[in-house]
Amino acid sequence: MTDSGTGTIADGGRGVEHGDGTARTAGGDGGGDLAVHLDNITKRFPGVVANDRVDLRVERGTVHALLGENGAGKTTLMNVLYGLYQPEGGRVVVDGQERAFDSPRDAIDAGVGMIHQHFMLVDTMTVAENIALGNEPRKWFGLAVDRERIDREIRDLCDRYGFDVDPGATVADLSVGAQQRVEILKALYRGADVLILDEPTAVLTPQEVEGLYSVLEELTEQGKTIIFITHKLGEATHAADEITVLRDGESVGTVDPTATTQEELAEYMVGREVLLEADVEPRENGDVVLSTDDIVVEDEREVEVVSGIDLEVHSGEILGIAGVDGNGQGQLIEAITGLRTPDEGTITFDGEEVTDWSRRERIDAGMAYIPEDRHEQGLVMSFDLVENGVLGSQRSAEFANGGRIDWASVRDHTEDIIETYDVRPPDADADAVSLSGGNQQKFIVGREFERDPDLVVATHPTRGVDIGSTEFIHDRLLELREEGVAVLLVSSKLDEVQSLSDRLAVIYEGEFVDVTDPDEITEEELGLLMAGEHPSERHEPTDTVATGDRGDAE
Amino acid sequence: MAAGPTTEVRPMRERLPLPDSTYMQAVLLGGVIVTLLFLLFASPSTHTATLRLAVPIALAAIGGIFAEKSGVINIGIEGLLIVSAFTGVIVTFWLGSGESTLFVSHHWWGMLAGVIASTLFALVFAVVCIEFKADQIIAGLAVWLIALGLAPFVSRIVFGSPNTDTVGTFDNVTVPVLSELPLVGYLLFDTPPQVWLMLISAVLGWYLLSRTSFGRWVVASGENPKALDTAGVDVRKVRYTAVLLSGVFAGLGGAGFALGQLGTFAGGGETDIQGRGFIAIATYLFANYHPIGALGGSFLFAGLDAIQIRLQAAGYAVPTELIRTIPYVTVIVVLVFVGKTRLPDAAGENYESGED
C-alpha cells in the first residue's frame, strides 16, 4: 500500500473521524481549503447500507475522482451531496458551512451542480432554453422570459471557459459531447462552484474524452472544484488530482494518483487482485458461421443507416465492431439478429440463408443476442428472474411442454445462471427492476451464453458493469470462443473491443472504414477512424469490405 | 403570411406566433385558402355561426394543450365541457336570468360558476392522476362518464327532465362605428362575448406557452420531467397548474357555449356538447399543440358544422353523424400522411420525483 500523498487507506478514514473530523470543521476549514467535506456520511436503504460512515474531503480548485465498482455507493454519496437523498448520519459541509440539503434546489443554491450520467436535457428545446430551465431571468414584470439576457450570459460563459456552443441549436441535433458541455454550462449558469460529474466519459469517443479533460482543466484553473464518479481506473489516474476509493459503501481511502498504480487501485476497488487486460490467445479460425452480403438498412425515417456491409464471423473468432454510437451498428445488429429486415442484402448463418427468418427461428438455430438496451430489450423489468430466465426459450422443448411452461425446470435453470454468473442478490424471485444495472447485465449475459449458441451477438456486453464483473464476462466470452462459438462484439469501449477481438472492424456512417488487427492499431488511430478519418497511410489502403481472410492471426 | 424562403421565415417566427415546420406552414396556407373561399361563398350567418360553434372546441383544445404538453393527457375534457355548460345554465337559472347582482348580469355569474365547476373537476382529475398515479386515460374517461351521468341527473331533480329550462343567451357586444365595417364588423364587433374570450384565450395560451418561464416548464415537464425536477422546479406543481388551466379554459368554452349560443342545456344522450371535447383533442393534435393553430382548426371543424346546419335547414338531409366523423378522419389522414404530430415524450406517464 502506498504511504505517499494523501494516502489513508483502509481504516485510516475511520480512525480520523471523531477527533480530527469534527475539530476541523468546527474551526472553519482547518488545514486545506476544502470546497466539500462529507463527514461520516451514512445512508441506508431498506435492507442495504449504501454508504457506511464515508468521509470525503475535496480541496478547492482540484479534480477529485470518486472511484469504485457498481454498487459501491458512489452515486448515492453524490446524491446526498446534491440533495436528492438525505443521509441518516453525518454532515455535509460545503465552503466550510454545514448544510442540510432537502432538495437539489438547496444544493444548487449552495453552488453545487451535478451532471448526471443520463443527461437531464429536454431534447426538443434549444440549448439556451435548457441551460436556463428553472432559472429563467424575466422581464416585463415577470411576464416574459428575457431571452436576450440568457443568450448573452451563455456567450459570456462560453468565452470564459472556451466552450463552443450555439445557444440557439436544438439539443437533439447536438453530439453527445456537445450535450455534455450543455450540461456543464447549465450547472455553471446556476452559479455552481462544485461540479459533480457522474460517469462523464461513458458515452464519449476518445477524442471527446480528451476534450472533456481539457474542459475540466480549464474549469479548475478558474477555481471550480470537480468531483467525478467513475469506475474506470485510467480516467481516475489520468484526470484526477486525488482519488477516493469506495468499496461496498465504505471509503477505502484517498490516494494521490501519481503515487499509485492502476493495479493497486483495482485491488482497492475490488478487494482482490484483478487481471486488467484480457489475455487473448491467437487461434486458428474455423468455418464461417455468420456472413452478410451487402446489407443495406434504412431507419424509421427512411434514411440509409447501413450502407452495404459485408462481414464474416468464423467459428472460434471474435469479430469486434468499434464505432461511435449511432453510426449504423445498432441497425446492422438488429438486421443480423432478426429484429429488423434489411432493405437489401443477404444474411447467411451456418450455411443457410436466414435473411427472412424470424427472430424465433434464429434463436432456435443457435443465435444468442445480448441487446444494447437491457431495460428495453434484454429484460422485462416487472418480471422476476425466473420469468426473465425463460425469455427466448419459452417454446424450447427443454422448458415447455405443448404450450405449458415447466416452471420448475425454468427455476433450476435460472438458479444455475444466478450462481454461475454471480448475480446479486441471489434471489430468483426478485423482480428484474430491483437489481442493479451490472447484475441485470450479468443475468442477461448468463441467459444468452447458456443457450449453447453457435453465434453470440454481444452489444455493449459490459456497459455499466463494474470491473470485477467485466473481467468475468470477458473470460466467459473467451471461453465460448475457445469452444468454437463465433462472437460478434459491438462495443463503444475501445479497450474492450481491442483486447478481445481477433479482428476489429470500424464502422462510420453505415460503412466499415477499416478492418484491422486490433494489436496493430493504437487507440488514437482507432479514435480517428471512428470519427471517419483515415489515419495517414498506415498500411496498404484497405477496401471497406470485411472478408475473413485478412488481418487475422496467422 | 408564410411565404418566402425558410431562411427568412426563421427570424420572423421569433417574434410572431407562426408555426415552425413546413408542414404547419402548408396547413396554414391551406387554411388561408379555405377561409377565403368560405368567406366569399358562405353567408354571413354561417360565418357568425362558425365563430360561435368554434368556441367550445377552441377553448377545450387550448386547455387540452396545456395538460398534454405538461405530460398529463386529459381526455376528460369532454366531461369538463359538459359540467361547465350545465353548471353555467343551472346557476344562471337559480339566480334568475335577465337580472343582475352587483351590477353584473346573472349570465356572467353563471359563467363564473361553470368555470369553477370545470376547474374543480379538473382538480379531482389532477389529484387522481398526479397524487394517486392513476392511468390518465382511465381517469379521463371517468371524468367524462361522471359528467355524462351527473348533468342529466341533477337536471332531472331540478327540472324534472334531462333538459334544463331556457335561460337565454348573452347579448351581443356591439361596438359602434366599428360594427359597420364590412366582414370584420359583424364578425368581431357585433358578436357575443364568448367569441372574444376565445380569441383572447388563444393568444394568451400561445403567449403563456412560448414566452413565459411557466410555458417552458410545462414543455419540459411533458418531454423530460426529470430534467425539470433536477433543475429545481417541482414537476407536480407544474402539472397541477397545467391541468387546472385546462379546467379553466374548458370551463370558459363549455359555459360560454351554453350561455352564449344555446341558452339551455340538453343533458340527454351525448348532451348538447355532442363530442366537441373529443373534437378538440383531434384539433390540437392536428395543430401540433399550437394554441393559435388549434383556434384555426376549430374554425375548420365548426365551419363544417355550420354548413351542415345550413344544409339541413335548407332541406338537404346530410346525416350529422357523417359530418361529425370529419374531424377524426382529418386527424387520421394527417397522422398517416404527414405524421408530424409528435406527442410529448413523457405524455401519459406519471412522474415520481426521486425515483432512479
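1. Helix H10 (residues 329-337) of chain A lies across five strands of that chain, namely E15 (318-322), E18, E21, E22 and E23 (503-508). Its direction makes an angle of about 155 degrees with E21(A). The reader should keep in mind that this is a predicted model. A second helix, H18 (residues 523-530) of chain A, lies across E15, E23 and E24 of chain A and runs at about 35 degrees to E23(A).

2. The strands just named belong to an open sheet of 6 strands in chain A, arranged in the order E18-E21-E22-E15-E23-E24 with mixed pairing. Strand E18 (367-370) and strand E24 (511-516) of chain A stand at the edges; each has a single partner strand, so one side of each lacks a neighbour in the sheet. From one strand to the next, the twist averages 15 degrees. As background for the student, strands of a sheet pair through backbone hydrogen bonds, either parallel or antiparallel.

3. Within this sheet, a parallel pairing joins strand E21 (residues 455-459) of chain A to strand E22 (residues 486-491) of chain A over 5 bridges. One residue pair illustrates the register: A:Leu455 has A:Ala486 in E22(A) as its bridge partner.

4. Elsewhere in chain A, an antiparallel pairing links strand E11 (residues 242-247) to E12(A), also with 5 bridges. Here A:Val245 stands opposite A:Gly253 in E12(A). The two strands form a hairpin with 2 residues between them, and in this hairpin A:Asp248 takes a positive phi near 50 degrees. Strand E12 (residues 250-255) of chain A is mostly covered, with 6 of its 6 residues buried.

5. Helix H5 (residues 147-161) of chain A offers a check on helix geometry. The helix has 15 residues, and the distance from its first C-alpha to its last is 21 Å, close to the 21 Å expected at 1.5 Å a residue. A:Gly162 follows H5(A), and the phi of this glycine is positive, near 70 degrees.

6. The overall form of chain B may be considered next. Chain B contains 15 helices and 4 strands. Its radius of gyration is 20 Å, close to the 21 Å that the globule rule gives for 356 residues, so chain B is as compact as a globular protein of that length. The C-alpha trace of chain B spans about 55 × 50 × 40 Å along its principal axes. Of the 356 residues of chain B, 47% count as buried. Among contacts in chain B with a separation of 6 or more, 77% come from residues 24 or more positions apart.

7. How many residues does each chain bring to the contact between chain A and chain B? Chain B gives 16 residues and chain A gives 19 residues. On the side of chain B that touches chain A, the elements giving two or more residues are helix H9 (213-223) and helix H10 (225-230) of chain B. H9(B) gives the most to this side, with 5 residues. By class, this side of chain B has 6 nonpolar, 6 polar and 4 charged residues.

8. Is H9(B) largely enclosed or left open by the rest of the structure? With 10 of its 11 residues buried, H9(B) is largely enclosed, and the conclusion follows because a residue counts as buried if 20 or more other C-beta atoms lie within 10 Å of its own. The buried residues of H9(B) include B:Arg216, B:Trp217, B:Val218 and B:Glu223.

Terms used. Residues are numbered from 1 along each chain as its sequence is written. Chains are lettered from A and ligands numbered from 1 in the order in which they are written. This is a predicted model: local features need pLDDT of at least 70, side-chain atom pairs count only at pLDDT 80 or more; totals for chains, interfaces and linings use all residues. Two strands pair if DSSP finds at least two bridges between them. Axes are lines fitted to C-alpha atoms, for helices over the stretch in contact, and angles run from 0 to 180 degrees between N-to-C directions. Two residues are in contact if their C-beta atoms, placed from the backbone, lie within 7 Å. The expected span of a helix is 1.5 Å times one less than its number of residues. Ala, Val, Leu, Ile, Met, Phe, Trp, Tyr, Cys and Pro count as nonpolar, Asp, Glu, Lys and Arg as charged, and the others, Gly among them, as polar. The radius of gyration is taken over C-alpha atoms; the globule rule is 2.2 Å times the number of residues to the power 0.38. A residue is buried if 20 or more other C-beta atoms lie within 10 Å of its own, exposed if 12 or fewer, and partly exposed in between; C-beta atoms are placed from the backbone.
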